[in-house]
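Visitor: Could you take me through one part of this model in detail, and then set a few other elements beside it? I would like the criteria stated as you go.

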Amino acid sequence: MFERHVGGENAILVHIDFPDTHNKEDKDEFVDLAISAGLQIKDIVGGSRSTPHPRYFIGTGKAEEIAMLVADKKADVVLFNHRLSPAQERNLERLVECRVIDRTGLILDIFAQRAHTHEGKLQVELAQLNHLSTRLVRGWTHLERQKGGIGLRGPGETQLETDRRLLRDRIKSIRKRLDKVEKQREQSRRSRKRGNIPTVALVGYTNAGKSTLFNQMTQSDVYAADQLFATLDPTHRRISLVPGQEAILSDTVGFIRHLPHDLVAAFKATLQESRQADILLHLIDASDERRDDNIEQVYDVLEQIGASDIKTIEVFNKIDNIESLSAKVEPGLDGAPDRVWCSAQTGEGLELLRQTISHQLEIQWQHLKLRLSPQDLSIRSELYNLNVIEQEQVDDDASIVLDICINLSDWRRMCRQTDGAIEKLRISD
């Protein structure tokens with residue numbers, strides 16, 4: 001790789017305003033990310049451009065200004081609130097003579113600090129290696145010579161090629177181990193399905209208060225802090241909603257705008273918890289000025305991971321930070337409650353939230369009757385795996401009649417998988 005300068009914790013932040021939404025980022029959130037990474041912010045460089053500069057992302061004059069600022073402030077790293085190309089990152093490092101890290105690299109560094117479980121560390125390493133693989137170009141030019149010696153003369157393998165091969169091998173090894181973890185998670189989900197225990201997953205923008213709410217509802221002591229990405233590893237606990245009704249509550253990693261694709265791919269097994277849940281609790285910081293934008297970003301990520309069809313209850317948290325606002329429940333378009341205002345910190349409104357979850361779980365399950373032909377046995381097998389078949393009988397014409405009680409999200413998923421064929425098997429009562 002390109003030989004990086006030895007650095008410490010002093011950072012210069014660079015935030016550029018762009019008119020288009022693709023490159024537009026939030027400055028305050030960028031500062032929060034840097035603080036969460038444990039950096040000492042020495043200065044913030046701002047500016048505006050219509051489009052990124054191909055060589056430095058910023059203009060040549062601005063780049064030279066940053067180089068002088070790095071020397072003056074004795075900074076060890078320059079952070080960009082944008083995604084830089086590998087070439088732009090290398091060009092800037094040569095000019096400013098210190099490490100240059102883009103927004104993706106900063107988020108990956110925070111994730112590396114937060115990962116505690118074996119699975120979490122593997123996921124972060126996979127994301128880091130995928131990010132690093134694009135930055136090996138010309139990084140070993142000072143060592144780019146062929147191997148020599150008896151039996152090794154000829155075309156050979158350059159150091160850069162060796163490094164790429166080792167990187168590919170490591171990525172392949174990690175993916176195999178994560179595939180094994182995903183299969184184990186799938187077995188656990190099927191066990192919960194067979195036990196008829198519904199799953200409720202907490203999702204939301206990072207630092208919305210998910211872990212605090214999780215602790216309040218489960219009486220647990222999961223790590224919670226007022227910082228971005230305090231929670232990385234998913235946690236599951238059984239909760240009581242109303243007398244005689246229980247559910248599994250799952251705390252998941254927080255989302256952020258322009259979530260790096262490497263992270264989405266690496267955290268596939270973790271994000272699968274949200275995709276397979278019966279209900280999503282979308283936790284929202286009601287006191288955040290960027291609330292509406294954050295809501296939109298969360299729904300974008302849910303769309304990416306295939307969880308947009310799952311029934312979602314919007315939970316507006318931190319009402320204790322807003323004067324004259326008390327706990328309440330608001331109905332959705334169908335008249336059923338699907339928006340709750342509460343405070344995870346004080347516990348106000350949590351009983352209303354339990355009642356809302358209970359009510360939504362009841363109306364999310366549908367009793368259906370299906371008639372399957374002998375060619376539809378794969379559908380029957382899938383329904384048995386979901387443990388939703390209540391009664392089965394075989395008619396004289398060899399068709400199979402099934403009485404099922406299935407969650408709407410599972411039904412919609414099966415409709416997609418079968419291209420709507422399962423919908424045609426329904427029998428009207």
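Guide: What follows is a close look at one helix, with some strands and two further helices after it.

The model is predicted, and local features need pLDDT of at least 70, side-chain atom pairs count only at pLDDT 80 or more, while totals for chains, interfaces and linings use all residues. Residues are numbered from 1 along each chain as its sequence is written, and side-chain values use heavy atoms, with hydrogens and water left out.

The part chosen is helix α2, residues 60-73; helices (H or I, at least four residues) and strands (E, at least two) are DSSP runs, numbered from the N terminus. With 14 residues, α2 reaches 20 Å from its first C-alpha to its last, close to the 20 Å expected at 1.5 Å a residue, the expected span being 1.5 Å times one less than the number of residues. Its buried residues are Ala63, Ile66, Ala67, Leu69 and Val70, where buried means under 20% relative accessible area, exposed over 50%, and partly exposed in between (1.4 Å probe, protein chains only). Because these residues cover an arc of only 165° around the axis, they lie on the same side of α2; the arc is that of the directions from the helix axis to the C-beta atoms. On the face turned away from that buried side, α2 carries the exposed residues Gly61, Met68, Ala71 and Asp72. The buried residues pack against β1 (10-17), β2 (40-48), β3 (77-80) and α3 (86-96), contact here meaning heavy atoms within 4.5 Å. After α2 comes Lys74, whose phi is positive, near 55°.

Strand β11 (residues 337-341) is mostly covered, four of its five residues being buried. Strand β9 (residues 312-317) runs parallel to β11 and is joined to it by three bridges, and Glu314 has Arg339 of β11 as its bridge partner. Strand β10 (residues 328-331), by contrast, runs antiparallel to β11, with four bridges between them, and Lys328 stands opposite Trp341 in β11. Two strands are taken to pair if DSSP finds at least two bridges between them.

Two other helices complete the view. Glu29, in helix α1 (residues 27-36), is buried, with a relative accessible area of 2%, and its side chain makes a polar contact with that of Tyr205 (2.2 Å); such a contact is a pair of N or O atoms within 3.5 Å, where within protein one must be able to donate a hydrogen and the other to accept it, and residues adjacent in sequence count only if both atoms are side-chain atoms. Helix α11 (residues 350-364) has buried residues including Leu350, Leu353, Arg354 and Gln364.
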